[in-house]
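Subject: Handover of a structure

Hello,

I am passing on the structure below, followed by notes on what was found in it. Please read the notes with the structure open.

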Amino acid sequence: MSTGTMSTGTTSRKPVHLAVYDTLADWEPGHATAHLARAGHEIRTVGPTTAPVRTLGGLRVQPDLALAGLRPEDSALLILPGADLWDTSDDLAPFARKAREFLDAGVPVAAICGATAGLAREGLLDDRAHTSAVSFYLAATGYRGGERYVDADAVTDGRLITAGPTEPVAFAREILGLLGVYEGEVLDAWYRLFHDSDIEAYAVLEKAGAL
């Protein structure tokens, strides 16, 4: 990882799109979206339709737009959180197909928890390094990418980020790094502060103006 402070001029100002759907795991995208927003990214929610959805935590979310209206060229990143629906129905398969559109267009996708299984079913993990909750969770999808599975908190391969359900901070770290919000020692300090409660990391972020 290269050294540095905050990135300047490399962060796209296109909106970041957060997928929202019933049973969404509230805790998984929060670190990423909060710190992206603080860095100046607009966060727009995209649902199956524009009808309200309800998260696992019971929050009612009104999507900003429907999935059918989302175009890769209008986005800096698509975030796919986990949700019970990834494993209990095919309702979220259109989001995995949209992820394929994004990756084919060279636009990043970040998937965590159950969303990684959705990408596996779509064939998007067959040829990319990736991670998830555990390897056998993805193996149960019947995908062909088992040899590319990495036992790590989060993995970035090109424009694709994956993480398991217990790693929302590592997931955010990869997103913030990929979009150039923080770099090098500042990105490392951000992770140490929010994951490890490392008080020394606070001073690094304060000096860099990253708080």
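A helix in these notes is a DSSP run of H or I of at least four residues, and helices are numbered from the N terminus. The model is a predicted one. Helix α8 covers residues 199–207, and after α8 comes G209, which has a positive phi near 70°. At the other end of α8, where the helix starts, D198 has a side-chain oxygen within 3.0 Å of the backbone nitrogen of E200.

The sheet

Seven strands form an open sheet with mixed pairing, in the order β5-β2-β1-β6-β7-β9-β8. Its edges are β5 (65–66) and β8 (154–157); each has a single partner strand, so one side of each has no neighbour in the sheet.

Strand β6, residues 77–80, is a convenient place to begin. On one side of the sheet order it is paired with strand β1 (residues 16–19), in the parallel sense and over three bridges. L18 has I79 of β6 as its bridge partner. β6 also pairs with strand β7 (residues 109–112), again in the parallel sense over three bridges. Here I79 stands opposite A110 of β7.

β7 in turn pairs with strand β9 (residues 160–163), in the parallel sense over four bridges. I112 is opposite A163 of β9.

Are the side chains on the two faces of β6 buried or exposed? L77 and I79 on one side are buried, and so are L78 and L80 on the other, which leaves both faces of β6 covered. Helix α3 (residues 93–104) lies across β1, β2 (43–47), β6, β7 and β9, and runs at about 155° to β6.

Helices α1 and α6

Two packed helices are described by the angle between their axes and the distance between the axes. For helix α1 (residues 30–38) and helix α6 (residues 168–178), the angle is about 35° and the axes are 7 Å apart. Their crossing is right-handed. From α1, the residues in the contact are H31, A32, H35 and L36; from α6 they are P168, V169, A172, I175 and L176. Of the residues in this contact, seven are nonpolar, two are polar and none is charged.

H35, in helix α1, deserves a separate entry. How is H35 classed by its accessible area? The relative accessible area of H35 is 8%; buried means under 20%, so H35 counts as buried. Leaving out residues up to four places away in sequence, H35 touches L176, Y182, W190 and F194.

D87

D87 belongs to helix α2 (residues 85–88). The relative accessibility of D87 is 44%, and it counts as partly exposed because this value falls between the 20% limit for buried and the 50% limit for exposed. Which residues does D87 touch, not counting those up to four places away in sequence? They are A117, R121 and Y137. With R121 there is a polar contact, side chain to side chain, at 3.4 Å.

D87 can also be placed relative to I175, a residue in the contact of α6 with α1. From C-alpha to C-alpha, D87 and I175 are 24 Å apart in space, and in sequence they are 88 residues apart.

Regards

Note on methods. Residues numbered from 1 in each chain as written. Predicted model: local features only at pLDDT ≥ 70, side-chain atom pairs only at ≥ 80, totals over all residues. Heavy atoms only, no water. Buried < 20%, exposed > 50% of the residue type's maximum accessible area, 1.4 Å probe, protein only. Pairing = 2+ DSSP bridges. Axes fitted to C-alpha atoms, helices over the stretch in contact; angles between N-to-C directions. Left-handed = near helix turned anticlockwise from the far one by under 90°. Contact = heavy atoms within 4.5 Å. Nonpolar A, V, L, I, M, F, W, Y, C, P; charged D, E, K, R; others polar. Polar contact = N/O pair within 3.5 Å; in protein donor to acceptor, adjacent residues only side chain to side chain.
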